[in-house]
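Please open the model in your viewer and keep the selection panel at hand. The tour goes from one selection to the next, and each stop says what is found there.

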Amino acid sequence: MSAKKMKEQQAPGDLDKSINLGMDQFGRFIKHAWIWVVFVLIAIYIVANHIPILGQDPTTLLGMLLNVVVILSAAVLQFVVIFMFLGRPRLYWVMPGETGVTFKDYKGNPEVLESARRMVMLLRGIEEFEAMGGSPIRGMLLSGPPGTGKSYLAQCMSTEAGVPFAYASAASFKAMFIGMDVLMVRNLYNKARRLAREYGGCIVFMDEIDAIGASRGGGQGRMMGGMGMGMGGMFGMGTGSLNQLLMEMDPPNIETGWFKKILRLLGLYHGRAQSEPVVTVGATNIPESLDPALLRPGRFDRQIHVAAPTDKYRPEVIEYYLNKVDHDPDIPISTISARLVEYTPVAIKLVVNEAAIIAHFDGRTCITYKDIIEAQDVHEYGLRQHSELTPIERRRLAYHEAGHTVASYYLMDRYFPSYVTVHQRGDVEGAAAFAHPRPKETVITSNKEEILVRIQVSLASRASEEIFLNTELNGVAGDFQSATRMAAAYIGAYGMDGTLTSFLAFGEAMGGGGASLVPRMAERVEALLQSQLRAVKQLLLEHSDSLIAVAEALIERDELVADEIKELIDQADARSVTKRVLKSYTPLLDTATSAYVTANGNGNGENHLSTPEPEQQGRLNARIDGHEEDLLA
């Protein structure tokens with residue numbers, strides 16, 4: 001039987017019970033509040049008949065009483081104004097329909113969106129849900145890296161649910177005086193419940209909730225609390241805001257409406273208090289720092305991790321933001337998605353907007369693929385810082401970075417060399433020049449071959465210096481540090497060299513000396529590095545044309561992007577293939593030339609086709625062989 005039919009059948013009986021309850025409540029009022037009734041009647045009688053009290057007219061006494069009340073009210077008002085001024089949190093109220101963003105505007109995380117959609121459905125149909133015996137969800141915690149759209153999702157929820165939305169910065173609840181934070185949290189939820197009674201629900205979103213929700217067992221919290229108490233409790237450094245938040249998120253069944261409070265005070269209402277559907281949505285980047293009492297069921301019932309869009313859903317985020325600006329319709333979304341691996345929606349929005357800025361100041365009305373590439377470089381590396389390099393420094397830096405670039409091109413299948421420069425960039429500190437490979441897809445795991453490849457790419461700078469510059473430069477310090485760290489992890493952490501003992505298990509206990517427990521750790525790391533250096537040297541010798549092409553172009557242009565790098569290497573490979581083919585046909589050509597001379601020679605021994613001079617033949621072989629013989633010599 002449905003709940004509606006049950007209510008219809010029980011209507012007459014409910015009416016009788018309501019009348020009996022009303023009579024009972026009136027009887028309780030007469031029993032417990034009769035003294036107030038008598039006092040009011042006596043006061044009215046005295047005033048109406050002007051009966052003197054202590055020799056004074058009751059009207060005069062009433063006027064004096066009113067004056068005292070006015071003076072006290074003015075004094076209280078001053079304190080109220082001061083506390084209101086000092087106790088204003090960073091709080092914004094958005095009424096239904098004012099945000100303008102819906103679930104259609106949220107892209108990149110369909111699983112998170114589905115959880116939010118279900119919560120909205122419960123807010124819309126809270127009465128039907130409670131009728132079947134369900135309890136409303138009180139809170140949802142959104143955790144994840146910055147820029148993944150946590151607050152944006154909360155705004156979409158409020159719009160879809162058609163309920164008021166409060167955006168609060170949790171850090172702003174840290175007031176100067178003790179007790180103010182408690183008052184601010186209480187006032188926030190009082191207003192939220194009042195709006196929930198009017199609209200059927202309310203959402204309170206607290207950004208960076210760890211500012212007030214940090215664990216009370218931490219040493220810092222105890223220290224700050226002790227400092228506050230040591231100053232006589234003047235400054236609000238305790239955990240009052242957290243305690244108040246815990247109570248507000250899971251309150252007892254108490255009446256919050258002022259009218260029913262008065263009726264309860266007078267004894268005229270004794271019904272069961274109803275809890276308004278106020279949903280608290282918290283956002284934090286460090287959920288592990290929150291107090292356990294805040295994370296328990298009944299407060300934050302759901303904890304959702306909001307991550308950056310995956311390879312599958314990143315294109316729809318890119319397309320969503322591209323559609324907001326004028327752009328070239330031929331922009332390859334899949335190619336851009338491969339470049340923006342691990343980008344959050346906010347970062348993608350920033351890159352698209354930066355591309356629009358670049359196009360605008362270039363005098364164009366729509367953005368192109370090249371604008372997006374340049375915008376990404378500005379976002380990741382900062383502004384260019386051109387420096388006046390001497391010819392020798394420019395050549396050294398060019399061949400150093402060309403080694404990294406060419407090695408990553410041939411060895412790293414899941415990455416591509418996206419950018420290389422001989423100048424500094426604003427956000428890349430400590431690097432006079434650098435080469436940056438980007439992943440083609442989201443990379444989570446790496447096998448032993450991929451680890452070795454990364455070691456080779458780090459050592460490629462030294463290999464290039466020794467082969468092409470015949471020297472060793474000091475700019476490889478960072479490369480050696482990275483290669484050594486990966487080699488040590490390869491042996492003593494990943495178990496890829498036949499040893500299962502992990503130095504990570506002893507690092508903290510032995511002051512970072514756990515690596516000494518791995519058998520022959522230092523010798524094995526050095527042997528691994530030397531073997532990978534030899535391997536990458538062989539690779540660069542085989543592709544010397546490619547490295548020379550990249551390095552010389554870098555000397556001329558200062559920087560190269562992915563398409564330019566690929567074009568240079570492909571052209572160099574084509575030339576290498578041509579030279580190898582010509583070299584393989586050289587013996588056949590020599591044989592054919594000798595046969596032709598023999599067959600067509602005259603009686604005087606003169607030939608129609610003369611044999612090349614030794615010097616000319618040497619230059620021809622040098623052009624065919626390329627740079628390999630010069631390097632080996």
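In this predicted model, the lining of the largest pocket divides by class into 16 nonpolar, eleven polar and six charged residues. The space in this largest pocket comes to about 830 Å³. To centre the view there, select His400, Glu401, His404, Ala435 and Asp479, which are the closest to the pocket centre of the 33 residues that line it. Next, colour the elements that give two or more residues to the lining, namely α18 (391-411), β8 (415-421), β10 (434-439), α19 (448-469) and α20 (477-492). Among these, α18 deserves its own colour, as the largest share of the lining, eight residues, comes from this helix.

Leave the pocket now and show the strands of the open six-stranded sheet, whose order is β1-β3-β4-β5-β2-β6 and whose pairing is mixed. At its edges stand β1 and β6 (302-305), each with a single partner strand, so that one side of each has no neighbour in the sheet. If you look along the sheet, neighbouring strands are turned against each other by 15° on average, with direction ignored. Strands of a sheet pair through backbone hydrogen bonds, in a parallel or an antiparallel sense. For β1 and β3 the sense is antiparallel, and four bridges join them. To find one of the contacts between these strands, select tryptophan 93, whose bridge partner in β3 is alanine 166.

Stay with the sheet and switch on the aromatic side chains, for which a search of the whole structure finds nine pairs. How are the rings of tyrosine 92 and tyrosine 167 placed relative to each other? Their centres lie 6.3 Å apart and their planes make an angle of 35°, so the pair counts as tilted. This pair links distant parts of the chain, since tyrosine 92 belongs to strand β1 (residues 91-94) and tyrosine 167 to strand β3 (residues 165-169), 75 residues apart. Is each ring's residue buried or exposed, or something in between? Tyrosine 92 is partly exposed, with a relative accessible area of 43%, whereas tyrosine 167 is buried at 18%.

The next selection is phenylalanine 165 with phenylalanine 205, an aromatic pair that is stacked, with 6.2 Å from centre to centre and 25° between the planes. Because phenylalanine 165 lies in strand β3 and phenylalanine 205 in strand β4 (residues 202-207), the pair ties together parts that are 40 residues apart in sequence. Both partners are buried: phenylalanine 165 has a relative accessible area of 1%, and phenylalanine 205 has one of 0%. With the four side chains shown together, you can follow the ring pairs that link Tyr92, Phe165, Tyr167 and Phe205 into a cluster.

The last stops concern the backbone. Most residues other than glycine have a negative phi. Select glutamate 208, which is not a glycine and yet has a positive phi of about 50°. Glutamate 208 sits in the loop between β4 and α9 (210-213), and its relative accessibility of 32% makes this residue partly exposed. Then move to glutamate 342, which also is not a glycine and has a positive phi of about 70°. Its place is the loop between α15 (333-339) and α16 (345-361), and glutamate 342 counts as exposed, with a relative accessibility of 55%.

Key:
Residues are numbered from 1 along each chain as its sequence is written. This is a predicted model: local features need pLDDT of at least 70, side-chain atom pairs count only at pLDDT 80 or more; totals for chains, interfaces and linings use all residues. Side-chain values use heavy atoms; hydrogens and water are left out. Rings of Phe, Tyr and Trp (its six-membered ring) pair if their centres lie within 6.5 Å; planes under 30 degrees apart count as stacked, over 60 as edge-to-face and the rest as tilted. Buried means under 20% relative accessible area, exposed over 50%, partly exposed in between (1.4 Å probe, protein chains only). On a 1 Å grid over the protein atoms alone, a cavity is a set of points where a 1.4 Å probe fits but cannot get out, and a pocket is an open set with protein on both sides within 12 Å along at least five of seven lines; lining residues have an atom within 4 Å of a point. Grid points are joined across faces, edges and corners, and a volume is the space filled by probe spheres set on the points. Ala, Val, Leu, Ile, Met, Phe, Trp, Tyr, Cys and Pro count as nonpolar, Asp, Glu, Lys and Arg as charged, and the others, Gly among them, as polar. Two strands pair if DSSP finds at least two bridges between them. Axes are lines fitted to C-alpha atoms, for helices over the stretch in contact, and angles run from 0 to 180 degrees between N-to-C directions.
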